[in-house]
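Trainee: Before we discuss this entry, please show me the sequence and the structure. I should like to ask how the terms used for it are justified.

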Amino acid sequence: MTHPLLDLPPLTAAHFAGVERRVAALLDTEQDVVITQGEALLPLEGCIRGGARPGSTALNVVTGPYGQTFGNWLRDCGAKVVDLEVPFHTAVTAEQVERALAAHPEIDFVSLVHAEAATGNTNPVAEIGEVVRRHGALFMLDAVASVAAEPLLPDAWGVDLCVIGAQKAMGGPAGVSAVSVSERAWERFAANPAAPRRSYLSLLDWKERWIDGGRKALLHAPAQLEMLALEACVERIEAEGLAALMARHASAAAATRAGATALGGGLEPYVHDARDAAPVATTLRAPAGVDASELVAKALAADPSLPLIAGGGALAKEMIRVNHYGVDATRGAVRSSLAALGGALAETGASVDLEAAGRAVSGVWA
Ligand SMILES: *Cc1c(COP(=O)(O)O)cnc(C)c1O
């Protein structure tokens with residue numbers, strides 16, 4: 001008897017190229033799209049190791065934990081790194097980026113995270129892209145947490161390297177990812193003797209052996225199950241419509257923000273200005289004297305299926321994340337998450353208004 005997951009015919013190069021084209025359409029890009037056989041950290045590291053080298057200077061914008069990771073890779077490549085750090089409760093502005101570029105004219109690489117699921121903020125990439133373009137630096141964007149949750153237009157925004165993963169708003173698999181690569185970025189990689197070659201981290205290998213070869217032969221056996229899952233996920237997005245999917249995330253974020261405020265009990269949106277809040281996930285600040293991870297544990301004890309988690313690392317005590325993305329970008333998931341948090345808060349003796357929270361959620365969704 002054949003097994004539906006195990007006994008599959010090999011995934012052909014034509015099939016692989018077809019999925020690649022559909023991902024490119026999702027990004028509205030004319031640039032080359034490379035599908036990378038691993039979680040999104042693989043293309044992110046590949047982009048940095050291809051684009052940075054001893055003698056480069058990188059502007060690394062840090063608005064959350066991923067920016068910190070990029071800074072470490074950039075330094076490891078021998079690049080000089082200018083870190084532009086902003087507090088996690090806000091977004092970076094194009095003016096701040098412009099000032100940093102003006103202070104360091106030698107900057108030739110800029111790394112930025114679009115939306116941060118881990119901190120709940122989102123950055124104005126269109127405006128920042130204009131500034132970076134004028135300066136002439138290569139522009140890398142981590143769009144893992146923004147793709148399918150909010151507009152993402154790498155070509156229009158002048159993004160040279162746009163990395164996405166399917167596991168957040170796309171509602172797809174985590175073990176495969178993609179990056180769009182501009183002509184300028186390919187030239188930079190090719191001119192970099194330290195860029196990975198004949199390596200799993202190498203994007204150049206895919207350029208030379210897959211794209212330039214007319215997409216006839218894959219470099220190695222593709223991650224077949226992940227590719228099929230990615231295809232199913234793109235089909236599902238096409239069926240719903242990308243605009244409808246993004247609207248669902250925007251509503252979930254607005255409803256969580258409004259609902260948490262109405263709930264009271266000392267709970268507050270972590271990102272101060274709604275304009276800076278990411279549609280993919282909403283972060284909340286735990287009331288003074290309440291440990292966020294304990295509160296989340298109590299809420300999850302009532303319903304373990306809720307998309308709730310405490311902040312990572314040092315944020316675990318103060319931050320609650322409502323991961324209302326993918327299948328959880330619904331009124332039901334938002335309402336149940338707030339109800340569970342309200343119940344947990346009430347247990348600590350706080351006074352909460354569950355009905356007001358419910359009304360606020362319904363008001364946004366209507
Ligand atoms: C989720 C996410 C990633 C992927 O990382 P995981 O550790 O697999 O979740 C990368 N960048 C950003 C900005 C993300 O939000």
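Mentor: Let us begin with the open sheet of four strands, ordered β10-β11-β13-β12 with antiparallel pairing. The model is predicted, and local features need pLDDT of at least 70, side-chain atom pairs count only at pLDDT 80 or more, and totals for chains, interfaces and linings use all residues. Residues are numbered from 1 along each chain as its sequence is written, and side-chain values use heavy atoms, with hydrogens and water left out.

Trainee: Why do β10 and β12 stand at the edges?

Mentor: β10 (268–269) and β12 (308–310) each have a single partner strand, so one side of each lacks a neighbour in the sheet. Strands here are DSSP runs (E, at least two residues), numbered from the N terminus.

Trainee: What makes β12 and β13 a pair?

Mentor: Pairing requires that DSSP find at least two bridges between two strands. β12 and β13 (residues 319–322) have three bridges, in the antiparallel sense, so by that definition they pair. In β13, I320 is the bridge partner of A310.

Trainee: How do you know that the ligand has a polar contact with E39?

Mentor: The term means a pair of N or O atoms within 3.5 Å; within protein, one must be able to donate a hydrogen and the other to accept it, and residues adjacent in sequence count only if both atoms are side-chain atoms. An oxygen atom of the ligand is 2.4 Å from an N or O atom in the side chain of E39, so the definition is met. For the side chain of K168, the corresponding value is 2.7 Å.
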